[in-house]
Amino acid sequence: MSKASTPAASPRTVSVSATGQADVVPDAARASITVEVTDPVSAEKAQQDAAVAATAVIDALGTAGVAEADIATQGVSVSPAYNYTSDGGQEQIGYRASQTITVTLRDLTTAGPTLDAVVAAGGNAARIDSVSTYVTDPTVAANKARAQA
């Protein structure tokens, strides 16, 4: 004789879901800056000129009060530079060198003048690729949102 099996009791659960929101004002910015130089003859000269421009940009950031820890080189590149011809071909016009720097700007009230100084220091070789603002410590806002939930 076999024992009749009884189904196991289903676990009982309660699910709760809530939403909270907290508005935050960004207090810092991250900028990507590239210096790019083309030399008609020499890759080495293009790289040297890019290094001079990058140093000028980094020095301008330091003069503006940006901490050394907030400045980082993200990439260095040297390659042939080409112009494309109307018949679909290409001709080498020299060598292009670039350096990309990422900087954290912790004082948004001086971010504009700081980036102006960067462009002035780097001259025609410098460009601002992107600027994005963010909140350095979202903990207070997250706690406020949780409390509302």
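Two strands are taken to pair if DSSP finds at least two bridges between them. In the predicted model described here, this condition is met by strand β1 (residues 28–39) and strand β3 (residues 90–105), which are joined by eleven bridges and run antiparallel. Individual positions can be followed along this pairing: A29 stands opposite L105 in β3, while E36 has S98 of β3 as its bridge partner.

Strand β3 is also joined to β2, here by 13 bridges, and these two strands again run antiparallel. Within this second pairing, N83 stands opposite E91 in β3. The strands β2 and β3 form a hairpin with five residues between them, and in this hairpin G88 takes a positive phi near 90°.

These pairings belong to an open sheet of four strands, which follow one another in the order β2-β3-β1-β4 with antiparallel pairing. In general, the strands of a sheet pair through backbone hydrogen bonds, and the pairing may be parallel or antiparallel. The edges of the present sheet are formed by β2 (71–84) and β4 (126–134), each of which pairs on one side only. On average, and with direction ignored, neighbouring strands of the sheet are turned by 20° against each other.

Two helices lie across strands of the sheet. Helix α1 lies across β1, β2, β3 and β4, and runs at about 20° to β3, whereas helix α2 lies across β1, β3 and β4, and runs at about 160° to β4.

The two helices also pack against each other. Two packed helices are generally described by the angle between their axes and by the distance between the axes. For α1 (residues 43–63) and α2 (residues 111–122), the angle is about 150° and the axes are 8 Å apart. Since angles over 145 degrees count as roughly antiparallel, α1 is therefore roughly antiparallel to α2. The crossing of α1 and α2 is right-handed. On the side of α1, the contact is made by A53, A56, V57, A60 and L61, and on the side of α2 by T114, A117, V118, A121 and G122. Sorted by class, the contact of α1 with α2 has eight nonpolar residues and two polar ones, with no charged residues.

Taken as a whole, the protein has three helices and four strands, and from the N terminus on its elements run β-α-β-β-α-β-α. The radius of gyration of the protein is 27 Å, which is well over the 15 Å that the globule rule gives for 149 residues, so the protein is more spread out than a compact globule. Along the principal axes, the C-alpha atoms of the protein fill a box of roughly 95 × 50 × 30 Å.

Note on methods
Residues numbered from 1 in each chain as written. Predicted model: local features only at pLDDT ≥ 70, side-chain atom pairs only at ≥ 80, totals over all residues. Heavy atoms only, no water. Axes fitted to C-alpha atoms, helices over the stretch in contact; angles between N-to-C directions. Parallel < 35°, antiparallel > 145°, perpendicular 65-115°, else oblique. Left-handed = near helix turned anticlockwise from the far one by under 90°. Contact = heavy atoms within 4.5 Å. Nonpolar A, V, L, I, M, F, W, Y, C, P; charged D, E, K, R; others polar. Rg over C-alpha atoms; globule rule 2.2 N^0.38 Å.
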